Amino acid sequence: MAVAKVIIDVALDQEFDYRIPESLAGTLKVGMMVKVPFGRSTRDGYILSFAEFSDYHGELKEIIGVSTTRAHVPEHLVELGRWMADYYCCSQEQSIRTLLPAAVRSGKVKPKKVKVYRIGDRQAAEQFLHDNETKPSAALRIGLIQLLLPGKPLTAAECRAAGFGDSTLHTLLRHGIVAAEEITIRRDLFGDTRVMPSTPLAPSRDQAAALELISKMLHGETSSHVLLLHGVTNSGKTEVYLQAIAEALELGRSAIVLVPEISLTPQTVRRFRARFGDHLSVLHSRLSDGERFDEWNRINDGEVQIAVGARSALFAPFRNLGLIIVDEEHESSYKQSEAPRYSARDVAVMRGKLENAAVILGSATPSAESCRNAATGKFLLAKMSVPVENKLAPHIRIIDQRLSGPPEPGKSNFFSKMLIDAVFDRMNRGEQSILFLNRRGYARVMICNQCGFEARCPDCSVAYTYSKLHETLSCHLCGCMIPAYTACPECGSPEIRYAGVGTEKIEAVAGAVFHPARIARMDSDTMRSAEDYENVLERFRRGDLDILIGTQMIAKGLHFPNVTLVGIINADLGLAMPDFRAPERTFQLITQVAGRAGRGDIRGEVLIQTRNPENETICFAAAQDFEGFSKFDLEFREMLDYPPFSHLIAVHFRGEDESALVEFATKFTEELRPYAHEGIRLSGPSPAPIERIKGKFRYMLLIRGRQMKLLRQALRVLTLHRPVPRGIEVYADVDAQSLL
């Protein structure tokens, strides 16, 4: 008896055995969606594997049939999904669902149909032309027939655009000369946008060495299938990606390119279209359901061999994958915040292993984990330490803001005199500047000068952020928004003021200080879509803007040769975060935003404003000394046994009743403790750095150590298969990237 093991789309994290009927014998495959009886209902499920026998002692139910309206999970991805479920302590249903976009999985989105017209009876058409060629009254019908005779079907709108009305079309339809049919078309992501084709550039010495190593990886001639491409800013990593993909295509294989944010996707796509034409697919979260459906099917049907996109593009259903590129591999946005809480970088490495594909991890500031893997030989390493065209690195200076003293009445000291002079100097020379502050909003907090009242979100343990443009207070955690206070709600004093600074305020002050500069701001408050992002960048590219102000959205990937100055407003901002990765992220951000200056023929300048100029991270960043910083940071982490010298799992507990939450978290920890050997540390449970979000208390248990497979298995059982009191949530974040 043949048995199929099926996972039902219900959160049970359990496979069920079903008998395969004779009518389906030999036709079923792993990953197929089938209809099965489940209880008193019929459910959809995915086949995960087959077996000759079942351990179930009762009578097995029979598979009803194969779903014809829903997409199947590609067989080669099912194994990856099962690994994700095991490693990231999530249910198999959650993991399998991740492999398919919702627009594909739901079955609700259909192919786009359009009615077109073509010659229905060629003989009758030619006879009509012969009989009516001299009749003026038949001129429109003759013209339309001649338009359709070459064979390309046209829509009614295309016929109208050519000068032929609906009445002419319908007359020819009535006589059977023209026929109508519905055809399936793909939704066009690129529209009328065109790009100038590019050709491969002669590689530099560093690029050639990297490409040679990648070629050996593609041919299976290396000890590892993963390469860390450590290339300084402007060293030509993208050209290496392009030429590596070209070689993969020549070998008849496909390629996936991951970028960390949607904001990077349009310019990345432009570079790849210039080299490979429109024979690539784009996958990211801001596509419409119809666009996402079409892009996935273009890949699944073998119409394209390259996929470019954000995190979810990793699961593009290529059958002969040869290369995965993870650009800016250090970015925390590759870690998904909802279940399954996977890291796209790490899953890319595993998919490459399962499908015998080469994986390139590229960055100017690689993560500590990747550096460690390269140092121990787990990853190959290629360094590109010289910018292309041998451009000089930007001149970087640290400005000690402590020396500026308090601001004059009615003025601010957000901009040092040195930075103000430097911006005006660029404006006078027709050059452009970027001002960077990694905090959006007008001000961090609203506070009363009389009683000390601080405007805080009642459901989250954080202060509101003030927006002057909308006169609102908003919580960036739960999204709550209220009108800004005009007087203190506690004591009634009108002396309630905002404190701190965000990009909105920087924009307002810059408008006054740098008048008549043309200024734009880019942060998540102003960039609501990829089109907003592209519009501002196009204005900056054309030279219609003098100053671009923004958050980390502008810190990476932008190439504007006319930008010769970058000002970092408050370099200390990220260092105060209660997270061991705070120095690494600060170093990466400063290095990345500094890399926007001097990409043309003029050497760039970077001014770093700080009140802590002796801080090691800022000094290493100003010196562009990645090796020095990496050594400093890794020594600190090794001493405290933090990743990459151990694994880190954060177990989160949430609930509205704090005492019940503490009781459950403590009991949970005690049940887990027997599975922790001497090399594993359990810290907590204790309140999370942000103690409340959306009215729920948050506690956290941190687990650090090596060889955690047994503990992770126990953790998976406790979080997924043990009863949890009503009103309490518990989940595990394996290889956690944030400890907030």
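# Surface, loops and salt bridges in a predicted model

Glu658 has its place in helix α20, which covers residues 658–672. The structure described here is a predicted model, and every value below was computed from its coordinates.

**Surface patches.** Glu658 belongs to a patch of negative charge on the surface, in which it gathers with Glu656, Asp657 and Glu691. With a relative accessible area of 31%, Glu658 is partly exposed, and because membership of a patch requires over 30% relative accessible area and no salt bridge, this residue can be counted among those that form the patch. A second patch is of nonpolar character: Phe636, Met639 and Leu640 form it on the surface, and together they present about 280 Å² of accessible area. Phe636 is found in helix α19, residues 626–640, and is classed as partly exposed at a relative accessibility of 30%.

**Two helices.** In helix α4, residues 122–132, the buried residues are Ala125, Phe128, Leu129 and Asn132. Viewed down the axis of α4, these buried residues fall within an arc of 100°, so they line one face of the helix. Gln123 and His130, by contrast, are exposed on the other side of α4. Helix α12, which spans residues 344–355, contains Val349, a residue that is buried with a relative accessible area of 17%. The C-alpha atom of Val349 is separated by 25 Å from that of Phe276, and the two residues are 73 residues apart along the chain.

**Backbone details.** The peptide bond from Pro643 to Pro644 is cis, with omega near 15°, and Pro644 lies in the loop between α19 and β26 (647–655). Another cis peptide bond joins Gly684 and Pro685, where omega is about 10°; Pro685 has its place in strand β27, residues 680–693. Positive phi values in residues other than glycine are found at Lys694, where phi is near 55°, and at Asp735, where phi is also near 55°. Their settings are as follows: Lys694 lies in the loop between β27 and β28 (696–705), whereas Asp735 is in the segment after β29 (728–734). Their accessibilities also place them in separate classes, since Lys694 counts as exposed at 56%, while Asp735 is buried at 15%.

**Salt bridges.** Side chains of opposite charge can pair when their charged atoms come close. The structure holds 39 salt bridges, and three of them are described here.

In one of these pairs, the side chains of Arg187 and Asp294 meet at 3.0 Å, N to O. Arg187 lies in the loop between β7 (178–185) and α8 (205–218), and Asp294 in helix α11 (residues 289–300), so the pair ties together parts of the chain that are 107 residues apart in sequence. Both Arg187 and Asp294 are buried.

Another pair is formed by Glu605 and Arg426, whose side chains meet in a salt bridge at 3.0 Å, N to O. This pair links distant parts of the chain, with Glu605 in strand β25 (residues 605–610) and Arg426 in helix α14 (residues 417–428), 179 residues apart.

A further salt bridge is formed by Arg706 with Asp641, where the closest N and O atoms are 3.4 Å apart. Since Arg706 lies in the loop between β28 and α21 (709–720) and Asp641 in the loop between α19 and β26, the pair ties together parts that are 65 residues apart in sequence. Salt bridges that share partners also join residues into one network, whose members are Arg397, Asp425, Arg426, Arg429, Glu431 and Glu605. The pair of Glu605 and Arg426 thus has both of its residues in this network.

The accessibility of the residues in the latter two pairs is set out below.

| Residue | Relative accessible area | Class |
|---|---|---|
| Glu605 | 10% | buried |
| Arg426 | 6% | buried |
| Arg706 | 44% | partly exposed |
| Asp641 | 11% | buried |

Which class does Arg706 fall into, given its relative accessibility of 44%? Buried residues have under 20% relative accessible area and exposed ones over 50%, with partly exposed in between, so at 44% Arg706 counts as partly exposed. Its partner Asp641, with a relative accessible area of 11%, is buried.

How values were computed
Residues numbered from 1 in each chain as written. Predicted model: local features only at pLDDT ≥ 70, side-chain atom pairs only at ≥ 80, totals over all residues. Heavy atoms only, no water. Patch = residues over 30% accessible without salt bridge, like charges linked within 9 Å, V, L, I, M, F, W, Y side chains within 5 Å. Areas by Shrake-Rupley, 256 points an atom, 1.4 Å probe, with all protein chains shown as cover. Salt bridge = Lys/Arg side-chain N within 4 Å of Asp/Glu carboxyl O. Lys, Arg positive; Asp, Glu negative; His and termini not counted. Charge placed at Lys NZ, Arg CZ, Asp CG, Glu CD. Helix = DSSP H or I, 4+ residues; strand = E, 2+ residues; numbered from the N terminus. Buried < 20%, exposed > 50% of the residue type's maximum accessible area, 1.4 Å probe, protein only. Arc of directions from axis to C-beta.
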